[in-house]
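Student: I would like to take a close look at one part of this model before thinking about the rest. Could you walk me through it slowly, and then place it in its surroundings?

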Amino acid sequence: MSESRIAWRGLPPLAVRAYRKLWIVSVLSHFGTWMHNTAAAAQLARSSPSPLTNALLLAAATLPAVVLSFPAGVLADRIGRGTVLFWANATGALVAALFAVLGLCGGLGPVVILVLTFALNAGWAAGYPAWNAEVSSVLPAELVPDGSALNSLSFNLARTLGPAAGGFAFGAVGGFPVYLANALSFAGFLLCFRKSRTVVTSNVAGSWRESLRETTAFFRATPRYRELLVRAATFFSLTQAMSALVPVYVLTIRHLSATDLGFVLAAFGIGAVCSAVAYPNLRRYVPEQVLRSACALLAALALTALPLLGSVPALFATGLVFGAAQASMVTVNNGFLQATVALSLRSRAVALYIVVLYGAQTIGAVTAGALSAWWGVGPAAWTIAALLAACALPSRVS
């Protein structure tokens with residue numbers, strides 16, 4: 001595929017064969033993951049209607065990133081991203097297969113779902129820093145920002161189709177086929193890295209302590225990176241309330257079906273895809289600060305509307321707005337990381353960002369679940385939305 005055939009703005013990275021291959025593999029894997037996530041959320045909501053218990057599913061999905069991302073980033077820089085990616089995805093495939101077997105045997109109670117969700121996401125957390133650095137390393141510098149937007153697009157294409165497919169399949173035939181499909185979705189990664197497990201390493205020398213010291217020095221010397229971490233922690237801890245509250249709200253308060261839940265969750269992905277398509281143009285004409293403020297305001301409006309809505313079309317429309325706002329913030333942050341951090345530090349810088357991001361999401365999910373259990377979904381959502389709206393205020397650091 002020649003670059004001249006990539007006519008749409010934002011798509012030239014797909015002309016790079018190595019990037020295109022990784023991009024397609026990621027779409028397939030993300031599709032299996034989102035099918036699995038929707039089925040697991042529906043199964044847990046059926047087993048326990050408690051908002052806090054259901055919020056713990058998100059906490060179990062995000063906590064592994066807090067624990068493993070930074071060591072995994074250092075490891076990827078030291079022994080090779082391909083090696084880390086192969087074994088991380090092999091672990092994910094095995095855990096997803098165990099999920100399928102226990103689902104077939106009727107052994108997926110709330111505790112088992114939470115434990116296996118933690119294990120499944122441990123594999124993802126171990127591989128994500130290496131993956132993020134790997135896909136940017138195969139692109140020339142001028143294509144990295146658009147490559148970052150396309151990475152978000154691959155994730156959100158799957159986020160669009162996966163929940164709808166997962167919700168429909170779970171409602172029709174149960175969880176086993178969904179969990180099995182997720183196990184098989186790891187095959188592309190395993191095939192990609194089964195032979196070339198030492199792809200373009202950074203040849204980091206010295207001890208782990210020296211690696212940590214070098215990363216700490218970068219953190220202290222880069223005010224914009226520190227500001228990025230603060231913004232990400234604040235924004236995503238608050239927006240996690242939407243993801244934590246939607247399954248229990250749809251299934252146990254509005255008494256809609258698993259198919260309806262999948263449809264509503266798919267709206268997040270559709271909004272995110274629209275955001276990814278629009279972003280290459282937006283970033284050329286709209287200042288980054290304005291984009292960040294708009295994302296916070298739109299996410300706050302969506303969270304405010306959630307407890308007032310009862311129909312699937314209204315929930316779907318709200319999900320579109322929220323998905324676009326959240327995905328735009330992710331893309332802005334990823335573009336900064338890819339474009340400004342040296343490749344020799346990128347896996348570790350991404351890993352530290354992930355620790356902060358998913359630590360905030362873990363706290364946000366548990367907090368939203370606890371507030372909903374104490375106050376109800378409406379008061380909890382409106383309180384968090386007010387805090388989120390405050391994030392739209394301009395920051396002092398440019």
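Tutor: Let us begin with helix 3, which covers residues 81–105, bearing in mind that this is a predicted model. Helix 3 has 25 residues and reaches 36 Å from its first C-alpha to its last, which is close to the 36 Å expected at 1.5 Å a residue. Directly after helix 3 comes Gly106, and the phi of Gly106 is positive, near 75 degrees.

Helix 3 belongs to a protein chain with 14 helices and 0 strands, so that its pattern, read along the sequence, is α-α-α-α-α-α-α-α-α-α-α-α-α-α. Of the 398 residues in the protein chain, 57% are buried, and among contacts with a separation of 6 or more, 86% are between residues 24 or more positions apart. The area that the protein chain exposes is about 16,100 Å², and carbon and sulfur atoms supply 69% of it.

Part of the surface can be described by name, for Leu63, Val67, Leu68 and Phe118 make a nonpolar patch of about 300 Å². Helix 2, residues 51–79, gives the largest share of that patch, with 3 residues. Leu68, which lies in helix 2, counts as partly exposed because its relative accessibility is 30%. As a general point, an α-helix has 3.6 residues a turn, so residues three or four places apart point the same way.

Two buried polar residues offer a contrasting view. Ser275 is placed in helix 10, residues 258–285, and is buried because its relative accessible area is 6%, under the 20% cut-off. Leaving aside residues up to four places away in sequence, Ser275 touches Ala324, Ala327 and Ser328, and with Ser328 there is also a polar contact of 2.5 Å between the two side chains.

Gln326 is found in helix 12, residues 312–340, and counts as buried because its relative accessibility is 9%. With the same allowance for residues up to four places away in sequence, Gln326 touches Arg159, Phe235, Phe236 and Thr239. The side chain of Thr239 is joined to the side chain of Gln326 by a polar contact of 3.5 Å.

Terms used. Residues are numbered from 1 along each chain as its sequence is written. This is a predicted model: local features need pLDDT of at least 70, side-chain atom pairs count only at pLDDT 80 or more; totals for chains, interfaces and linings use all residues. Side-chain values use heavy atoms; hydrogens and water are left out. Patches are made of residues with over 30% relative accessible area and no salt bridge: like charges are joined within 9 Å, nonpolar side chains (Val, Leu, Ile, Met, Phe, Trp, Tyr) within 5 Å. Accessible areas come from the Shrake-Rupley method with a 1.4 Å probe; for residues, only the protein chains shown count as cover. A salt bridge is a side-chain nitrogen of Lys or Arg within 4 Å of a carboxyl oxygen of Asp or Glu. Helices (H or I, at least four residues) and strands (E, at least two) are DSSP runs, numbered from the N terminus. Buried means under 20% relative accessible area, exposed over 50%, partly exposed in between (1.4 Å probe, protein chains only). A polar contact is a pair of N or O atoms within 3.5 Å; within protein, one must be able to donate a hydrogen and the other to accept it, and residues adjacent in sequence count only if both atoms are side-chain atoms. Contact means heavy atoms within 4.5 Å. The expected span of a helix is 1.5 Å times one less than its number of residues.
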